[in-house]
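This report goes through selected parts of one model. The topics are its sheets, its helices, its cysteines and a few single residues.

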Amino acid sequence: MGYKNKELLTNWANNIDKVAELTKHSTTRTAKKSRLNELLTSVSTGKILGATEHKIDGKKMLSIHKLTTNVVPAFIECLGSPEQLPAFLRAFYPEVLQRKDYKQACSIATSNILQMPSGRGSGASQAIKNLFVPANKFDPWRDDKKLMTDVWQAVNLIAANQVTGHQLSLESGRGIYVTKDLIMDMLEHPEKATKTKIANALILMRIAGAVHLMQPSELTDSGLKLTQFNHDGKLVNSHHVYTLGDFNTADWSLVSDNFNLNLNTQISKEMLIQLFGEKVASDYFPDLHGGIGKTEIDFFMTLKAQSGYTNEVIMSAKAAADTISSLTSVKDRTARLYTDQVCNAKPVEMEKNVKI
């Protein structure tokens, strides 16, 4: 984004005195900060990077050339990669303790971010390009693909964001605590995101296995403590502790071969049961509720069989939603959402048609 001090910070090891001057701060304000975004909020990050600092909805943001972003991705951009964080923090914020597996977490995050395809001409598979790389400026899913890339980077920055504390996963550096709010705080372009789109992008990444809900056998004692929380005197399951995988070993074809990319539409648990089976869907996606069920899917599959696999219009989207509403007694708006969900599932091989 053209931060004034980017060149200085990228080469910070050879500019210790100048960077030390920029990062002067009160240690009493920073010593107890456990996350990178908390640390950067408590110091003059705008001065350090050479950007305009201001608040939006009470949250510190940075702007330059009319572009606004969160503090963490801006800071990482100036450093060059998350891998620089452990040494940088030890040099200029030694009062902030680092967790035992922090170096591994930053290394994994850097590797995953660098594995992202650079464009249509990159050597990435077609499945990856279908999800992350816009075909051109007229690509109807251009914004969603760019958001998928931003969310993937954000999920990895979450691993680097948790500086202090204990490791959550038995495998060092891969345990992350994920919420939609945390992802929003890590986005490079938060103005283009909604919590619905963030949640759906995360589901697609979970389907591919790039990140998965951690199972009890993978958790450390510290991780196990985060799997439940007290709600009105009752222990409630908390589905926020995940294992961060590798971008290149994720099966992105599981997503691109089975679902059209539309981050406004959630994938239901019933769809995942059909894709993975009951046990996998229950163990790894227990947080998914609602959405289309077997009744709705059977209705659409019957229509598909009756069509003889032709491209002729079977019925309008409104007629389909009305039928779903009558079959399941859901409200009209919900029925329309269910229709969108089914039409986004490629195995159903249907197009949403609207009467003119």
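Two strands count as paired if DSSP finds at least two bridges between them. The model described here is predicted.

**The sheet of β4, β8 and β5**

In this sheet, 3 strands are arranged in the order β4-β8-β5; the sheet is open and its pairing is antiparallel. Strands β4 (175-177) and β5 (211-213) lie at the edges, each pairing on one side only. On average, neighbouring strands of this sheet are turned by 35° against each other, direction ignored.

Strand β8 spans residues 241-244 and pairs with β5 in the antiparallel sense over 3 bridges. Strand β4 is also joined to β8 by 3 bridges, and this pair runs antiparallel. Some of the partners can be named. On the β5 side, V211 has L244 of β8 as its bridge partner, while L213 stands opposite Y242 in β8. On the β4 side, I176 has Y242 of β8 as its bridge partner.

In a regular strand, side chains alternate between the two faces of the sheet. Is β8 covered on its faces or open? Both faces of β8 are covered: V241 and T243 are buried on one side, and Y242 and L244 are buried on the other.

**The sheet of β1, β2 and β3**

Another open sheet has 3 strands in the order β1-β2-β3, again with antiparallel pairing. Its edge strands are β1 (52-56) and β3 (67-70), each of which pairs on one side only. Here the average turn between neighbouring strands is 40°, direction ignored.

Strand β2 covers residues 59-64, and its antiparallel pairing with β1 runs over 5 bridges. Within this pair, E53 stands opposite L62 in β2. Helix α6 (residues 71-79) lies across β2 and β3, and runs at about 95° to β3.

The strand pairs with a stated number of bridges are listed below.

| Strand pair | Sense | Bridges |
|---|---|---|
| β5 and β8 | antiparallel | 3 bridges |
| β4 and β8 | antiparallel | 3 bridges |
| β1 and β2 | antiparallel | 5 bridges |

**Helices α10 and α12**

Helix α10 (residues 142-161) packs against helix α12 (residues 195-208) at an angle of about 75°, and their axes are 10 Å apart. Because of this angle, α10 is roughly perpendicular to α12; angles of 65 to 115 degrees count as such. Which residues meet where these helices pack? From α10 come D144, L147, M148, V151, W152 and V155, and from α12 come K197, I198, A201, L202, L204 and M205. By class, this contact has 10 nonpolar residues, 2 charged residues and no polar ones.

An α-helix has 3.6 residues a turn, so residues three or four places apart point the same way.

Helix α10 also holds K145. Is K145 buried or exposed? K145 counts as buried because its relative accessibility is 6%, and the limit for buried is under 20%. Leaving aside residues up to four places away in sequence, K145 touches K129, N130, L131, F132, V133, P134, A135, D139 and L261.

**Helix α15 and the residue after it**

In helix α15 (residues 269-276), the buried residues are K269, E270, M271 and L272. Just after α15 comes G277, which takes a positive phi of about 100°.

**A loop residue**

S217 is found in the loop between β5 and α13 (221-224). With a relative accessibility of 62%, S217 counts as exposed, since the limit for exposed is over 50%. S217 and S169 are 48 residues apart along the chain, and their C-alpha atoms are separated by 9.3 Å.

**Cysteines**

A disulfide is a covalent bond between the sulfur atoms of two cysteines. To be counted here, the two sulfur atoms must be within 2.5 Å. How many disulfides does this rule give? The count comes to 0 disulfides.

Why is C78 not bonded? The closest cysteine sulfur to that of C78 is in C106, and at 16 Å it is too far for a bond. Likewise C106 is in no disulfide, with the sulfur of C78 as its nearest cysteine sulfur, 16 Å away. C78 counts as buried because its relative accessibility is 0%. C106 also counts as buried, at 0% relative accessibility.

Methods
Residues numbered from 1 in each chain as written. Predicted model: local features only at pLDDT ≥ 70, side-chain atom pairs only at ≥ 80, totals over all residues. Heavy atoms only, no water. Helix = DSSP H or I, 4+ residues; strand = E, 2+ residues; numbered from the N terminus. Axes fitted to C-alpha atoms, helices over the stretch in contact; angles between N-to-C directions. Buried < 20%, exposed > 50% of the residue type's maximum accessible area, 1.4 Å probe, protein only. Parallel < 35°, antiparallel > 145°, perpendicular 65-115°, else oblique. Contact = heavy atoms within 4.5 Å. Nonpolar A, V, L, I, M, F, W, Y, C, P; charged D, E, K, R; others polar.
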